[in-house]
Amino acid sequence: MGKRMVVVGGVAGGASAAAKAKRENPELEVVVYEKSGWVSYGACGLPYVLSGEIPSLAKLVARTPEEFRKQGVLVHTRHEVVDINPHERVLTVFDHREGRTFQDRYDYLVLATGARPTLPPIPGTEQAGVYTLRSMEDGERLLRALEGARRAAILGAGYIGLEVAEAFRKRGLEVTLLEAKERPLPHWDEEVGTLLKGELERHGVEVWTGVRVLAIGGAGRVEAVETSEGVVPADLVLVATGVRPNTELAQAMGVALGPTGAIATDQEMRTNLEGVFAAGDVAESFHRVLGRPYWLPLGDVANKHGRTAGSVIAGKEALFHGVVGTAIFKAFGLAVATTGLPLEAALKEGYRAKKVFIQSRDGAHYYPGSAPLWVELVYEEGTGRLLGGAVVAHGHGALRVDVLAALLHRGGTLEDLLALDLAYAPPYSPVWDPLLIAAQQAR
């Protein structure tokens, strides 16, 4: 009898683990249990469905259950794993469609239960008109709500809050963005936040920073958001104040968590329990700059986790080599990309850190249509070791951040950056690439 692999959670990490394991070892039985109605989709695309740029939620799906079945992977949607006995390797599953409970067995188990939004401890979040955006079901609910909405308040100016602010404006809503810290994208340094704030306001988003949300007002349905700076009328509120890993099932079966509160794994995505792996937003990664476990709940990381776990279960050699915290997002006309540590975080870590922030262009100054581009480099004084960086541009020029990410993975320095042979042609870069200009200034 063949070995049986069961995956709990079928979105990014779980779907990747299942597909990769089956491809590498066709003899393996692979079963996926997903408690929602959707599997294998790109949740990162949800804001663009809300904006109307992507016509439907179905476009975000990479593989349907039927497509998985053709590959030999059995996917069960609306099936929730409610208990796992790791000693007997038995799962208890609740079928939401038929209202019945049954048991299944596994030889290998992948926990890919993801993460869920955190709601702030303020009155009124239970009312109609208050939403989060994490799953396809969240997307469905918000699409329905947008049909009658006129004024939206968004709590939190991280990636989701900023992307959805643009989506709501494209739908014609009045939008107020509320952020407790002093700037949008509060985990990064001030200059990037200032650029973002200007871009948001140019496109009609009211930006309130340094504000405390006290309550969401209404009599069963949202009418306003009460803050330390005044009242914001709203008939739709999006809470985008962060997420946390869904570790309850893992903890109940004895899986160890790491210092971040997500599941601890090794480079093969193994947990402390024999035959049990973890992948995606429920699992930690190793941060190559910080040199310790780090939680980075992003779709590309989840897919790499899953691919690694699936390969190892299938009997192949594979390692997940960690992260440096690279991310990119769009806010109206700006693309904002960051990697590694901002200056504030580097200083808190005890580095003798410094930074440069320069403005250049994404093409030669004489080339028609070239636009401003900004580069930040964070580095260690004395050694010149790169610690982080950001690129802000009006388009794909922000992908220069990948050069910095590659150097961070290798412990690179300012001198290493200056030595690089970067591409040049007037439509795409000045003769001195902005990254090189920043490195020269830092040196």
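Two strands count as paired when DSSP finds at least two bridges between them. With that idea in hand, we can walk through this structure, which is a predicted model.

## A hairpin and the residue inside it

Let us start with strand 14, which spans residues 222-227 and holds Val225. Strand 14 pairs with strand 15 (residues 230-233) in the antiparallel sense, over four bridges. Within this pair, Ala224 stands opposite Pro233 of strand 15. The turn between the two strands has two residues, and together strand 14 and strand 15 form a hairpin.

How buried or exposed is Val225? Its relative accessible area is 0%, so Val225 is buried. Setting aside neighbours within four places in sequence, Val225 touches Ala153, Leu178, Val213, Ala215, Gly230, Val231, Val232 and Val237. Pro430 gives a sense of scale: Val225 and Pro430 are 205 residues apart in sequence and 47 Å apart in space, measuring from C-alpha to C-alpha.

## Strand 22 and its two partners

Next comes strand 22, made of residues 334-340. Which strands does it pair with? One partner is strand 21 (residues 327-331), joined to strand 22 by five bridges and running antiparallel to it. Here Lys330 has Ala335 of strand 22 as its bridge partner. Strand 21 and strand 22 make a hairpin with two residues between the strands, and in that hairpin Phe332 takes a positive phi near 55°.

Another partner is strand 25 (residues 386-393), which pairs with strand 22 in the antiparallel sense over six bridges. In this pairing, Gly340 stands opposite Gly388 of strand 25. Strand 22 is largely enclosed by the rest of the structure, because seven of its seven residues are buried.

## Loop residues with a positive phi

A positive phi is worth a pause, because most residues other than glycine have a negative one. Besides Phe332 in its hairpin, two loop residues also take a positive value. The table sets them side by side.

| Residue | Phi | Loop | Relative accessibility |
|---|---|---|---|
| Ser40 | near 50° | between strand 2 (29-34) and helix 2 (46-51) | 6% |
| Leu185 | near 50° | between strand 11 (174-179) and helix 6 (190-202) | 1% |

Are these two loop residues buried or exposed? Buried means under 20% relative accessible area. Ser40, at 6%, therefore counts as buried, and Leu185, at 1%, counts as buried too.

Gly72 offers another loop to look at, the one between helix 3 (65-70) and strand 3 (73-77). With a relative accessibility of 36%, Gly72 counts as partly exposed. Beyond its neighbours within four places in sequence, Gly72 is in contact with Lys22 and Val30. Lys22 is 50 residues away from Gly72 in sequence, yet their C-alpha atoms are 7.2 Å apart in space.

## A serine and a histidine

Ser285 lies in strand 19, which covers residues 285-287. Its relative accessibility is 7%, so Ser285 counts as buried. Which side chain does the side chain of Ser285 meet in a polar contact? The partner is His305, and the contact is 2.9 Å. Leaving out neighbours within four places in sequence, the residues in contact with Ser285 are Arg292, Pro293, Tyr294, Val301, His305, Phe320 and Val323.

## Helix 12 and a pocket

Our last stop is helix 12, residues 434-442, where Pro434, Leu435, Leu436, Ala438, Ala439 and Ala442 are buried. What covers the buried residues of this helix? The cover includes strand 23 (353-361), strand 24 (372-380), strand 25, helix 10 (401-409) and helix 11 (414-418). Strand 25 has thus come up before, as a pairing partner of strand 22. At the start of helix 12, Asp433 makes a link: one of its side-chain oxygens reaches to within 2.9 Å of the backbone nitrogen of Leu435.

Asp433 also appears in the lining of the second largest pocket. About 220 Å³ of space lies in this pocket. It is lined by 13 residues, and those closest to its centre are Arg400, Ala423, Tyr428, Ser429 and Asp433. What kinds of residue make up the lining of the second largest pocket? Eight are nonpolar, two are polar and three are charged.

Terms used. Residues are numbered from 1 along each chain as its sequence is written. This is a predicted model: local features need pLDDT of at least 70, side-chain atom pairs count only at pLDDT 80 or more; totals for chains, interfaces and linings use all residues. Side-chain values use heavy atoms; hydrogens and water are left out. Buried means under 20% relative accessible area, exposed over 50%, partly exposed in between (1.4 Å probe, protein chains only). Contact means heavy atoms within 4.5 Å. On a 1 Å grid over the protein atoms alone, a cavity is a set of points where a 1.4 Å probe fits but cannot get out, and a pocket is an open set with protein on both sides within 12 Å along at least five of seven lines; lining residues have an atom within 4 Å of a point. Grid points are joined across faces, edges and corners, and a volume is the space filled by probe spheres set on the points. Ala, Val, Leu, Ile, Met, Phe, Trp, Tyr, Cys and Pro count as nonpolar, Asp, Glu, Lys and Arg as charged, and the others, Gly among them, as polar. A polar contact is a pair of N or O atoms within 3.5 Å; within protein, one must be able to donate a hydrogen and the other to accept it, and residues adjacent in sequence count only if both atoms are side-chain atoms.
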